[in-house]
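Visitor: Hi there, could you walk me through this one? I have a few quick things to ask.
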Amino acid sequence: MSKNERFEAAKALYEGIGVDVCAALKQLKSIPISMHCWQGDDVTGFDQDGPLTGGIQTTGNYPGKARTPEELMADIDKVLSFVPGKHKLNLHASYAIFDQGEWVDRDAIEPKHFKKWVDFAKKRGMGLDFNPTCFSHEMVKDNLTLSSPDEEVRRFWIRHGQACIRISQYFAEELGQPCVMNIWIPDGYKDTPADRTAPRKRFADSLDEILSTPYDKEKVIVCLESKVFGIGMESYTVGSAEFCLNYAATRGITPLMDNGHYHPTEVVSDKLSSMLLFFDRVALHVTRGVRWDSDHVVLFDDETKEIAKEIIACGDPSRVKIGLDFFDASINRIAAWTIGMRNFQKALLYALLLPLDRMKALQHEGRNTELLMLQEEMKTYPLGAVWDFFCEENGAPVREEWFKAVEAYEKDVLSKRV
């Protein structure tokens, strides 16, 4: 049976339960995922040569890490050739590209230091998202940045945040689509603090100063990301979930949830419906935590599918700004990127192919036995045939065919990076 025959057979099965497969594929193509640049070089960036710090660790030393902007861009292109549809690229401020002999610190970066990224995105019809980089820097002192009691430290990171807003607006204006700018800080304490209030007050004041920078809220979507704990801040995190939610709600910005930044028994899929009742939009960093915020490659697993289902069930997926955030240096980085990107698209497709209206009606009518039956039966419907068709129609490799190209790229390109 050919791919088209398999697709037509799958389409007939889905249509038999009231799912419009063609409409689902059209909608899937319209949902961009923001691909994080930092998987390609283990979160190193190009603005400093020091170690990765700030509660972040990358494990593994698989050969082929990108060492220059040109290598990273080539690797990103390779991944995009394996992923169907149009997406965005998510940059950290530490990926500034300086001309030879030029360098400025993070509090003085300008749009010109990201022009090569804008040129890269323009040629590919992509948008760019952005993140201040408040880690891996000598001005992260005692694991504190925007909440530091040291005025000099705090002022440095405020200037950095303000610079990032200007750069984000530059991205939006040059590329003709909004830039999601996400703020996350590593601030916290290893042991129980005596004063939990003062650091959070300083953080709020610092954020207020950053947001006082004039910007177009239609072009720059400022987000604030929480975290439950990290290395070196096991006992107290300044930017907790409660702080970030309340700050976002009172300042008119967007909350960002990273599904590795909560207690292991909490799931972001259950939080989305509540968040979307009270915010016009929310943002996500989709990752996979193994016992903690370990940022493993995103799988096509239950929680990934549930997150995708909630995005579709809200009725307007554009209200959820989707980004991925993982970094694995123990396996081929191109493959890690590709697996994660394709898996989240598969999860979105799985959600789009559910008879959600029928399932909601069963719940509302109290027909819970029938609902459970349908939820379970849908798990073995022929999603793969529809996914293969979507990939082929959008010029992406079908099934594991892409991995042959990864192996060739490793042999011809990555293995020579020594």
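Visitor: Let's start with a helix pair: at what angle do helix 10 and helix 14 pack, and how far apart are their axes?

Guide: Happy to help, and do keep in mind that this is a predicted model. Helix 10, residues 333-352, packs against helix 14, residues 401-412, at an angle of about 160°. Their axes lie 10 Å apart.

Visitor: Is that roughly parallel or roughly antiparallel?

Guide: Angles over 145 degrees count as roughly antiparallel, so helix 10 is roughly antiparallel to helix 14.

Visitor: And is the crossing left-handed or right-handed?

Guide: Right-handed, as helix 10 passes helix 14.

Visitor: Which residues meet there?

Guide: From helix 10 you have Ile-334, Ala-335, Thr-338, Ile-339 and Arg-342. Helix 14 brings Trp-402, Phe-403, Val-406 and Tyr-409 to the contact. By type, the residues of this contact divide into 7 nonpolar, 1 polar and 1 charged.

Visitor: Nice. Zooming out, how many helices and strands are in the chain?

Guide: The chain has 14 helices and 10 strands. Its radius of gyration is 22 Å, close to the 22 Å that the globule rule gives for 418 residues, so the chain is as compact as a globular protein of that length.

Visitor: What does the C-alpha trace span along its principal axes?

Guide: About 65 × 55 × 40 Å.

Visitor: How much of the chain counts as buried?

Guide: Of the 418 residues, 55% do.

Visitor: Last one: among contacts between residues at least 6 apart in sequence, what share joins residues at least 24 apart?

Guide: For this chain, that share is 80%.

Key. Residues are numbered from 1 along each chain as its sequence is written. This is a predicted model: local features need pLDDT of at least 70, side-chain atom pairs count only at pLDDT 80 or more; totals for chains, interfaces and linings use all residues. Side-chain values use heavy atoms; hydrogens and water are left out. Axes are lines fitted to C-alpha atoms, for helices over the stretch in contact, and angles run from 0 to 180 degrees between N-to-C directions. Helices (H or I, at least four residues) and strands (E, at least two) are DSSP runs, numbered from the N terminus. Angles under 35 degrees count as roughly parallel, over 145 as roughly antiparallel, 65 to 115 as roughly perpendicular and the rest as oblique. A crossing is left-handed if the near helix is turned anticlockwise from the far one by less than a right angle, and right-handed if clockwise. Contact means heavy atoms within 4.5 Å. Ala, Val, Leu, Ile, Met, Phe, Trp, Tyr, Cys and Pro count as nonpolar, Asp, Glu, Lys and Arg as charged, and the others, Gly among them, as polar. The radius of gyration is taken over C-alpha atoms; the globule rule is 2.2 Å times the number of residues to the power 0.38. Buried means under 20% relative accessible area, exposed over 50%, partly exposed in between (1.4 Å probe, protein chains only).
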